[in-house]
Amino acid sequence: MRLYLASLAAVGVLMSGCQTEAQEEVEFTHIHGLGFTEDGEQAYIPAHDGLRVYEDGIWKNVESEEGELHDFMGFTMTSEGFYSSGHPNMQSDYENPFGLVKSTDGGETLDLLALEGEVDFHDMSASYNTDAIYVMNPEPNSKMDELGLHRTLDEGQEWEPRGMDGVNGSVIAIAAHPDEEDRVALSTEEGVFQSDDAGDTFEQVLSGAPAPALTYAHTGELLVAEGVEEETTLKAIYASGEVVREIPAPSIEEEDAIKYLAQNPQAENTIMVTTFERDIFYTENGGEIWEQQAEQGMSLNET
């Protein structure tokens, strides 16, 4: 288990209640993020070889305008599209790694914003409705001399190092508040930490178990996946640290844990989670009923 938790530190999708036609089997070679579009009609999952989208009850592979399938990392959805890092297709003209890129057309085209060829951000979160983007910088580069948490408010042109005072443990996940640019949360193997001063100081709001995944709900609460395997719980937390409610969690297999979770901006009870072993679960009633949508990286066909 110690090695398993260490792997956590190292390191989209609106579903209908039923489907009227068989869907093609889609493979999720890796899962590097999860998020819903602003209208709630689509959700995206980035994989090792391009994007996967769920729309109108069908999983699809997304082709870029150039026909290139990229390895997106640090993928984070916003109201305008998505930001990401990662590695370009080997046949493309992009430098490797991406640095910071943006797409406003579902990945058909990419805008290269900053640090192309310099850095790959695995841990990144963009505020859904503001200009704030937070990253854990893994190595010095032309815009960041220091490692650790940084923030940009101008799509990567300038980066501010943040103090991270009060954080214990290695960062597993990061979440930017959808409407408050100075509010950010981090999770580690020791719990969850929240900041209201753009990451300079943090207060611990959950302790006693690792928190492998977290995101901010569009209603402002922090949604946290706490624990691993059958001990996994989902919680909604106020800024004060008060647990608003506990959400029934899906059944997580041995040696697995939730890696990403996202809430539909148009339906607060609609939540999607993915696991390290590439299982995907969906609920539209706040966890009362979970539907498994993929198992070990393969979509589950329904009719």
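Visitor: How many Å apart are the mean positions of the positive and negative charges of the chain?
Guide: This is a predicted model. Its chain carries 12 positive and 63 negative charges. The distance between the mean positions of these two sets is 4 Å.

Visitor: What is the radius of gyration of the chain, and why does the chain count as compact?
Guide: The secondary structure consists of one helix and 25 strands. For 303 residues the globule rule gives 19 Å, and the chain comes close to this, so it is as compact as a globular protein of that length. Its radius of gyration is 18 Å.

Visitor: What share of the exposed area do carbon and sulfur atoms supply?
Guide: Of the 303 residues, 55% are buried. The area that the chain exposes is about 12,800 Å². The share supplied by carbon and sulfur atoms is 41%.

Visitor: Which residues does a cis peptide bond join?
Guide: The loop between β6 (81–87) and β7 (100–103) contains Pro97. Omega is about 5° at the cis bond, which joins Asn96 and Pro97.

Visitor: Is Glu155 buried, partly exposed or exposed?
Guide: Glu155 sits in the loop between β11 (148–152) and β12 (160–161), and its phi is positive, near 55°. Buried requires under 20% relative accessible area and exposed requires over 50%. At 25%, Glu155 is partly exposed.

Visitor: Does Met164 count as buried or exposed?
Guide: Met164 belongs to the loop between β12 and β13 (171–176). Its phi is near 60°, a positive value in a residue other than glycine. The cut-off for buried is under 20%. With a relative accessibility of 19%, Met164 counts as buried.

Conventions: Residues are numbered from 1 along each chain as its sequence is written. This is a predicted model: local features need pLDDT of at least 70, side-chain atom pairs count only at pLDDT 80 or more; totals for chains, interfaces and linings use all residues. Side-chain values use heavy atoms; hydrogens and water are left out. Helices (H or I, at least four residues) and strands (E, at least two) are DSSP runs, numbered from the N terminus. The radius of gyration is taken over C-alpha atoms; the globule rule is 2.2 Å times the number of residues to the power 0.38. Buried means under 20% relative accessible area, exposed over 50%, partly exposed in between (1.4 Å probe, protein chains only). Accessible areas come from the Shrake-Rupley method with a 1.4 Å probe; for residues, only the protein chains shown count as cover. Lys and Arg count as positive and Asp and Glu as negative; His and the chain ends are not counted. The place of a charge is taken as NZ of Lys, CZ of Arg, CG of Asp or CD of Glu.
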